[in-house]
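Subject: Structure handover

Hello,

Here is the structure I promised to pass on. Please open it alongside this note; my findings follow below.

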Amino acid sequence: MARMSLTPLLVLSLAWAASATDKTLNSTLDISLAQAPTALDKVALLPSPSDWRFDFFAQPTYQYNPGAVINANAATFPATVGNGLTMSWVNLGPCAMQPPHYHPRASNYIVVIEGTVETYMIPENGGELIKVLLEPGQMTLFPKGSLHSMQNMGCDKATLVSALSTEDPGTHNVANGLFGLPRDMVAAAFGGSLSADDLDTIYGKIPPVGTGVTLGSASCLKTCHMK
Ligand SMILES: *[C@@H]1O[C@H](CO)[C@@H](O)[C@H](O)[C@H]1NC(C)=O
């Protein structure tokens, strides 16, 4: 029995690993849309009602354990090409967080629709941490390129709707990105006091980008009896 129950877990974790970045569904169509001489030529490339509908709930990563960021963007929803916006649906399970990341090409507006979410944003070197507590119906924004993170502060699920100011915003998780640099450079960036072994230990604990959501702070997990 125990062995059988592993299979769905494995399939799920493979699906998460595969979803680290959005795969372009139809690059031929995206290129045609990007090169269409007029807006009407573009519309003609999207003849079916289904070309104009994106179903967040039907996406394979939709879940709250621990959660997911689901993007309707140039890769996943060709109708967005040339229209200057990504819409995202964000599921945060109990205590789940979006780890620190930035979008290289977009400002990001988020609205909480259920739960209580705390957001953290540092605009750039020299900028102070801006911490905002959001209840349903409240929003904040993360300027283009700012470092940001957020956590569901509650023991029930939280949900957000997120808009990004281009159909190809990109996402860069800083912990994962940092450790892609040569180890001795990372060691120097940490002030030279950490060994390669220390760094390997830290690197080994950083969750993969996955669905864009991981478990949050130890204090929240303790409050919600998840640890
Ligand atoms: C991609 O889009 C083109 C143009 O609409 C279409 O002809 C083709 O069948 C699509 N390919 C896939 C794999 O959906």
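Let me start with one leucine. Leu141 counts as partly exposed, because its relative accessibility is 34% and that class runs between 20% and 50%. Leu141 sits in strand β7. Bear in mind that this is a predicted model.

**Surface patch**

Leu141 belongs to a nonpolar patch on the surface. Its partners there are Tyr109, Val111, Ile113 and Met139. Together these residues make a patch of about 410 Å². Two strands, β4 (108-114) and β7 (139-142), supply at least two residues each. The largest share comes from β4, with 3 residues.

**Second largest pocket**

The second largest pocket holds about 180 Å³ of space. Elements that give two or more residues to its lining are β3 (96-102), α4 (174-178) and β11 (214-215). Of the elements, β3 gives the most, at 3 residues.

For your selection, here is the lining in sequence order:

- Met97, Pro99 and Pro100
- Asn173, Ala175 and Asn176
- Ile206, Pro207, Pro208 and Val209
- Thr214 and Leu215

What is the split of the lining into nonpolar, polar and charged residues? The lining has 9 nonpolar residues and 3 polar ones. No charged residue is found in the lining of this pocket.

That covers the patch and the pocket. Over to you.

Best wishes

Technical notes:
Residues numbered from 1 in each chain as written. Predicted model: local features only at pLDDT ≥ 70, side-chain atom pairs only at ≥ 80, totals over all residues. Heavy atoms only, no water. 1 Å grid on protein atoms, 1.4 Å probe; cavity = no way out; pocket = protein on both sides within 12 Å on 5 of 7 lines; lining within 4 Å. Points joined across faces, edges and corners; volume = space filled by probe spheres on them. Helix = DSSP H or I, 4+ residues; strand = E, 2+ residues; numbered from the N terminus. Nonpolar A, V, L, I, M, F, W, Y, C, P; charged D, E, K, R; others polar. Patch = residues over 30% accessible without salt bridge, like charges linked within 9 Å, V, L, I, M, F, W, Y side chains within 5 Å. Areas by Shrake-Rupley, 256 points an atom, 1.4 Å probe, with all protein chains shown as cover. Salt bridge = Lys/Arg side-chain N within 4 Å of Asp/Glu carboxyl O. Buried < 20%, exposed > 50% of the residue type's maximum accessible area, 1.4 Å probe, protein only.
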